[in-house]
Amino acid sequence: MGQTIAEKILANKSGERAVRPGQIVNAKVDVAMSHENAALVKKHFEELGLPRVWDPERIVLLFDHRVPAESVKTAQGQREVRQFARAQGIRHFYDMNAGICHQVLPERGHVRPGELIVGTDSHTTTAGAFGAFATGIGATEMAAVWATGELWLRVPETFKITVTGRFQKWVGAKDLILHIIGRLGADGADYKSVEFYGPTVEKMSLASKMVLANLAMEMGAKAAIVPPDGKTLEYVKSRTDKPFKPVYADPDAEYEKEFEFDVSGLEPQVAKPHQVDNVVPISEVSGLKVDQALLGSCTNGRLEDLEVAARILKGRRVHPDVRLLVIPASWEVYLEAMRKGILETLISAGAVVVNPGCGPCLGAHQGLLAPSERCISSTNRNFQGRMGSPEAEVYLASPAVVAASALAGELADPRGLRL
Amino acid sequence: MDRIRGRAWKFGDAVNTDVIYPGKYLPLTDPKEMALHAFEGVRPEFAKAVKPGDVLVAGRYFGCGSSREQAATCLKALGLGAVIAESFARIYYRNAINLGLPISVCPGISKGIEEGQELEVDLASGTIKNLASGESFQAQPLPPFVLEILEAGGLIPYLKGRLRSTRSRA
């Protein structure tokens with residue numbers, strides 16, 4: 001019987017010839033990533049009383065959630081992690097000048113097709129855009145990984161999503177995945193692995209494939225995998241010297257459910273407060289006043305996202321009642337956007353550019369919301385209180401909708417702009 | 001495992017980890033401090049009024065969102081006897097077990113229990129009794145190795161025990 005990508009990777013990593021959904025396997029981890037919460041992982045690891053981590057080469061540590069440190073408590077935690085990385089000989093440590101973990105991992109050559117990646121962050125699924133099985137775990141579990149290099153996993157059932165059709169102008173991956181989440185529900189893929197297929201996905205840039213894998217977490221996915229094509233393999237090879245073997249599904253692989261989506265008539269999509277599956281087309285909410293517009297995050301802070309916003313905002317000014325925040329996903333994106341003049345365009349339009357990191361997405365710092373304020377955001381969560389006050393509202397949408405709304409002062413359809 | 005007895009605190013569907021434990025408190029490392037902020041934004045009286053042994057009863061998909069285990073740590077530090085829901089988000093489920101917070105999947109539970117009712121929970125058998133109404137519910141039993149982790153008090157004490165026995169065998 002054929003196997004899906006998730007089944008094959010988990011079989012390889014647990015030394016089995018084949019595995020079936022529901023089976024519990026003990027899998028060997030290829031890459032283990034933690035950000036600021038490495039301070040908590042370290043605390044648990046030290047309780048185990050082991051002198052060394054299992055393999056310092058396979059551990060990646062970085063700071064992105066609160067950079068530069070927004071409090072003494074954070075500064076203290078970051079200091080402890082720096083010292084730990086040094087003491088343990090963890091070479092792949094990136095301080096506050098690298099960017100958001102899910103962007104930095106592939107950029108710095110830590111994502112390879114066919115590998116098992118775990119991270120103490122739910123959006124670790126993002127690395128599935130490169131054909132890896134990548135999933136989020138808690139800090140305690142990560143301490144066990146640091147100690148043993150292994151993790152028990154239940155082999156998930158797999159969903160197959162096939163996408164066809166051509167996007168309209170200003171519509172793209174973010175609209176597609178919001179639409180899918182709206183259809184399947186916030187727990188529609190809980191515990192499942194999701195594989196993405198179809199000509200529309202094949203034509204997407206890697207950055208857009210990362211949007212799918214990132215946001216699939218918001219329908220509960222344990223892993224979200226795009227089979228790697230030539231472009232993906234080329235990118236990975238340009239970033240890592242380590243050998244790897246891409247994994248593809250068998251033609252007779254068994255999927256628990258199969259879904260088909262045609263994007264031809266798809267409008268820009270918006271997730272209303274306070275759940276990511278509360279999705280409607282922009283036409284249902286356009287005209288609502290916004291106080292803040294946020295462009296950035298591990299979902300949509302890449303070069304193509306900033307480029308879209310720059311195309312919309314070039315030569316214009318953000319609405320006087322809107323605060324536009326721009327947060328490049330990584331230092332690499334930041335520099336590239338600077339070289340290309342994108343940052344100049346955005347700053348000239350009135351944007352405040354913040355250093356790469358998670359910023360206000362999780363309510364840590366750099367742009368929180370007051371009660372009764374409304375934010376249009378290219379991030380991935382609109383939970384009550386996530387970006388500041390529990391009485392504030394976060395609407396999620398694509399970079400194009402964020403930029404169009406920043407310009408209009410209200411939720412706006414970029415297709416209606418006269419550019 | 002011992003039986004748990006306490007009052008029910010009811011929550012709805014898709015309670016996310018930002019609501020359980022706001023992101024601004026993530027840098028805290030002391031579980032007792034974390035406990036003070038559980039559900040702070042949406043139910044500020046909860047952390048003050050909950051008593052050890054009380055049981056949180058929720059609908060579908062409890063603990064969705066961020067992987068932050070503080071959302072389980074804070075409830076354990078409050079002394080909550082168990083969290084019972086119709087279903088859980090997968091990372092939360094694993095975190096609760098790994099931190100030794102008793103957790104149970106029980107379809108139909110949220111309709112059969114009212115806020116404040118006295119419950120008795122037997123985790124090993126999965127039986128949940130509503131002492132106020134006399135009604136009983138059957139939760140999905142926990143797999144034996146999960147019970148072992150819970151009985152050890154979480155993954156770290158469990159692993160410590162195993163590392164010790166590996167060493168003494170060597």
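A salt bridge here is a side-chain nitrogen of Lys or Arg within 4 Å of a carboxyl oxygen of Asp or Glu. Keep that in mind as you click around this predicted model, which holds 33 salt bridges over all chains.

**Stop 1: a strand-to-strand bridge in chain A**

Select Lys28(A) and Glu150(A). They form a salt bridge, with the closest N and O atoms 3.0 Å apart. Lys28(A) sits in strand β1 (residues 24–28) and Glu150(A) in strand β7 (residues 150–154), so the pair ties together parts of chain A that are 122 residues apart in sequence. Turn on a surface and check both ends: Lys28(A) counts as partly exposed at 49% relative accessibility, and Glu150(A) is also partly exposed, at 27%.

**Stop 2: Lys13(A) and its network**

Now pick Lys13(A), in helix α1 (residues 5–13) of chain A. Is this lysine buried or exposed? Its relative accessibility is 18%, so Lys13(A) counts as buried. Show what surrounds the residue: leaving aside neighbours within four places in sequence, Lys13(A) is in contact with Asn26(A), Ala27(A), Lys28(A), Asp30(A), Gly114(A), Glu115(A) and Leu116(A). Lys28(A) from the previous stop is among them. Add Asp55(A) and Arg58(A) to the selection, and you have a network of salt bridges that links Lys13(A), Asp30(A), Asp55(A) and Arg58(A).

While you're in chain A, jump to Arg66(A) and Glu70(A). This salt bridge has its closest N and O atoms 3.2 Å apart. Arg66(A) is buried at 3% relative accessibility, while Glu70(A) is partly exposed at 30%.

**Stop 3: between the two domains**

Colour chain A by domain: domain 1 covers 5–260 and domain 2 covers 269–412. The contact takes 36 residues from domain 1 of chain A and 39 residues from domain 2 of chain A. Between them, the two domains of chain A bury about 3000 Å², 58% of it on carbon and sulfur atoms. Which residues of domain 1 lose the most area to domain 2? Select Ile100(A), Trp170(A) and Lys174(A), which together make up 22% of what the domain 1 side buries.

For the polar side of the story, there are 21 residue pairs in polar contact between domain 1 and domain 2 of chain A (both at pLDDT 80 or more). Helices α4 (101–107), α6 (173–184) and α8 (206–215) of chain A each supply at least two residues of the domain 1 side. By class, that side has 15 nonpolar, 13 polar and 8 charged residues. The two domains of chain A also share 2 salt bridges. Zoom in on Glu218(A) and Arg381(A), whose side chains meet in a salt bridge at 3.0 Å, N to O.

**Stop 4: inside domain 2**

Select Leu324(A), in strand β15 (residues 323–327) of chain A. With a relative accessibility of 4%, Leu324(A) counts as buried. Not counting residues up to four places away in sequence, Leu324(A) touches Ala293(A), Leu313(A), Val318(A), Gly350(A), Ala351(A), Val352(A), Val402(A) and Ala406(A).

Move along to Ser330(A), which caps the N-terminal end of helix α12 (residues 331–339) of chain A. Look for its side-chain oxygen 3.3 Å from the backbone nitrogen of Glu332(A). Helix α12(A) is followed by Gly341(A), which has a positive phi near 80°.

**Stop 5: where chain B meets chain A**

Show both chains. Here 38 residues of chain B are in contact with 42 residues of chain A, and the two chains bury about 3400 Å² between them, 58% of it on carbon and sulfur atoms. In chain B, Arg90(B), Arg94(B) and Ile156(B) lose the most area to chain A, together 22% of what that side buries.

Chain B and chain A share 3 salt bridges. To see Arg94(B) at work, add Glu141(A): they form a salt bridge with the closest N and O atoms 2.5 Å apart. Helices α1 (17–20), α5 (90–98) and α8 (155–169) of chain B each supply at least two residues of the side that touches chain A.

**Stop 6: last look, chain B**

Finish with Glu115(B) and Arg43(B), whose side chains meet in a salt bridge at 2.8 Å, N to O. Both residues are in loops, 72 residues apart: Glu115(B) between α6 (109–112) and β5 (118–122), Arg43(B) between α2 and α3 of chain B. Glu115(B) is partly exposed at 41%, whereas Arg43(B) is buried at 15%.

Terms used:
Residues are numbered from 1 along each chain as its sequence is written. Chains are lettered from A and ligands numbered from 1 in the order in which they are written. This is a predicted model: local features need pLDDT of at least 70, side-chain atom pairs count only at pLDDT 80 or more; totals for chains, interfaces and linings use all residues. Side-chain values use heavy atoms; hydrogens and water are left out. Domain bounds come from an automatic or database domain assignment. Contact means heavy atoms within 4.5 Å. Buried area is the accessible area (1.4 Å probe) that two parts lose on being put together, summed over both. A polar contact is a pair of N or O atoms within 3.5 Å; within protein, one must be able to donate a hydrogen and the other to accept it, and residues adjacent in sequence count only if both atoms are side-chain atoms. Helices (H or I, at least four residues) and strands (E, at least two) are DSSP runs, numbered from the N terminus. Ala, Val, Leu, Ile, Met, Phe, Trp, Tyr, Cys and Pro count as nonpolar, Asp, Glu, Lys and Arg as charged, and the others, Gly among them, as polar. Buried means under 20% relative accessible area, exposed over 50%, partly exposed in between (1.4 Å probe, protein chains only).
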